[in-house]
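Please open the structure in the viewer and show it as a cartoon. The tour below proceeds by selections, each followed by a short account of what is found there.

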Amino acid sequence: MLKKWSAAVLAGALAVGALAGCGGGDDAGSSGGGGDDKITMGFSQVGAESGWRTANTKSIQESAAAAGIDLKFSDAQGKQENQIKAIRSFIAQRVDVIAFSPVVESGWDTVLKEAKDANIPVILTDRSVDSQDKTLYKTFIGSDFVLEGKKAGEWLVKEYEGKSDPVNIVELQGTPGAAPANDRKAGFAEVIKADPKFKIVASQTGQFTRTDGKEVMEAFLKSQPKIDVLYAHNDDMGLGAIEAIEAAGKKPGTDIKIITVDAVKDGMTALAAGKINYIVECSPLLGPQLMDLAKKVKAGETVEQRVLTQETTFTQEQAKTALPDRKY
Ligand code: GYE
């Protein structure tokens, strides 16, 4: 009798040990896993430039708390050198996992090599780097930005199907050197080049912010005699541009057609109101998957090199339906 009982206790203890060790279940760590088994994650965020970014930060902070992961969060205020400093400090603190959303694509090899030499796994979140050595990071979770640009272009091609008049496009680019700026530009250009009636007459950075989007659109309106379409790499720049267009006495969505990327609540509201014509979705809710990946990486499990985010597109009608349940 006694023997049987102690065998059961032992089996139970082993099961608990295994769970704690691999961080298996969804809520592993939240049930007082505490002590040495608690995963520490250093996360370096781009900044707070847009509604997307705010929602992304919230998702990461909430998911870390829910997963029982100790999050060391650092805001780079849009500067690569701040991110490099933060990563070096995470290495010095010997965190279990480093995750970050790179401000720009290039210039990461040295610091990533330092993390690798210190045996600290790195997870790229939202944006990738252009490093040739793929062993410098474990995985990259985020969207396909080229595809987003293509979706924007495809909508435009359809919208002007059967018409031959020139279509003058102005483009508000994201932060120079950032993956979503490079790729959204490239994907869009690739699709519209098939028809010479589409002409990008002006293209400039609006830094992914409302303020800059507004300012640059004001300049476009002054320098361009005819603007048919605005393609903005994110909702915030599009929303800033809407203010400039209205101030110039024009009707956004009608006099100038507007396509943006992200689909945050403010963008969706403008879309439903007819001020934007089309939005390509880019989901900021990467937190839960990031925490899952961190647990797996910490446990030494192999993870996919690339984890792609699922997303859709919205017309004005679809925005009206989706808006009441929009989380961000
Ligand atoms: O689209 C933009 C943000 O990297 C996908 O960054 C992200 C982009 C997003 O500032 O609004």
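How many bridges join strand 1 to strand 3? Select residues 40-45, which form strand 1, and residues 97-100, which form strand 3; four bridges join them, and the two strands run parallel. Please note that this is a predicted model. Within this pair, select S44, which stands opposite F100 in strand 3. In general, the strands of a sheet pair through backbone hydrogen bonds, in either a parallel or an antiparallel manner.

**The parallel sheet**

Now widen the selection to the whole sheet around this pair. It is an open sheet of six strands, with the order 2-1-3-4-5-11 and parallel pairing. At its edges are strand 2 (70-75) and strand 11 (306-308), each of which pairs on one side only. On average, neighbouring strands of this sheet are turned by 20° against each other, direction ignored.

Two helices may be added to the view. Select residues 80-93, helix 3: this helix lies across strand 1, strand 2 and strand 3, and runs at about 170° to strand 1. Next, select residues 287-298, helix 10. Helix 10 lies across strand 1, strand 3, strand 4 (122-125), strand 5 (139-142) and strand 11, and its direction is at about 165° to strand 4.

**The mixed sheet**

Which strands form the open sheet with mixed pairing? Six strands do so, in the order 7-6-8-9-10-12. The edge strands here are strand 7 (198-205) and strand 12 (313-314), and each pairs on one side only.

Select residues 167-173, strand 6, together with strand 7: seven bridges join these strands, which run parallel. V170 stands opposite A202 in strand 7. To follow the chain from strand 6 to strand 7, add residues 179-192: the path passes through helix 6, and this β-α-β crossover is right-handed.

Then move to strand 9 (residues 257-262) and strand 10 (residues 278-281), which pair in the parallel sense over four bridges. Select V261 to find its bridge partner in strand 10, V280.

**The ligand**

Finally, select the ligand. Which residues are the closest to it? Of the 13 residues that surround the ligand, the closest are E49, R127, R184, N234 and D262.

Three side chains may be inspected in turn:

- E49: a polar side-chain atom lies 2.4 Å from an oxygen atom of the ligand.
- S50: the distance from a polar side-chain atom to an oxygen atom of the ligand is 3.0 Å.
- N234: an N or O atom of the side chain is 2.8 Å from an oxygen atom of the ligand.

Taken alone, the ligand exposes 300 Å², and the protein buries 100% of that area.

Note on methods: Residues numbered from 1 in each chain as written. Predicted model: local features only at pLDDT ≥ 70, side-chain atom pairs only at ≥ 80, totals over all residues. Heavy atoms only, no water. Pairing = 2+ DSSP bridges. Axes fitted to C-alpha atoms, helices over the stretch in contact; angles between N-to-C directions. Contact = heavy atoms within 4.5 Å. Near = heavy atom within 4 Å. Polar contact = N/O pair within 3.5 Å; in protein donor to acceptor, adjacent residues only side chain to side chain. Areas by Shrake-Rupley, 256 points an atom, 1.4 Å probe, with all protein chains shown as cover. Right-handed = clockwise from strand over helix to strand, strands pointing away.
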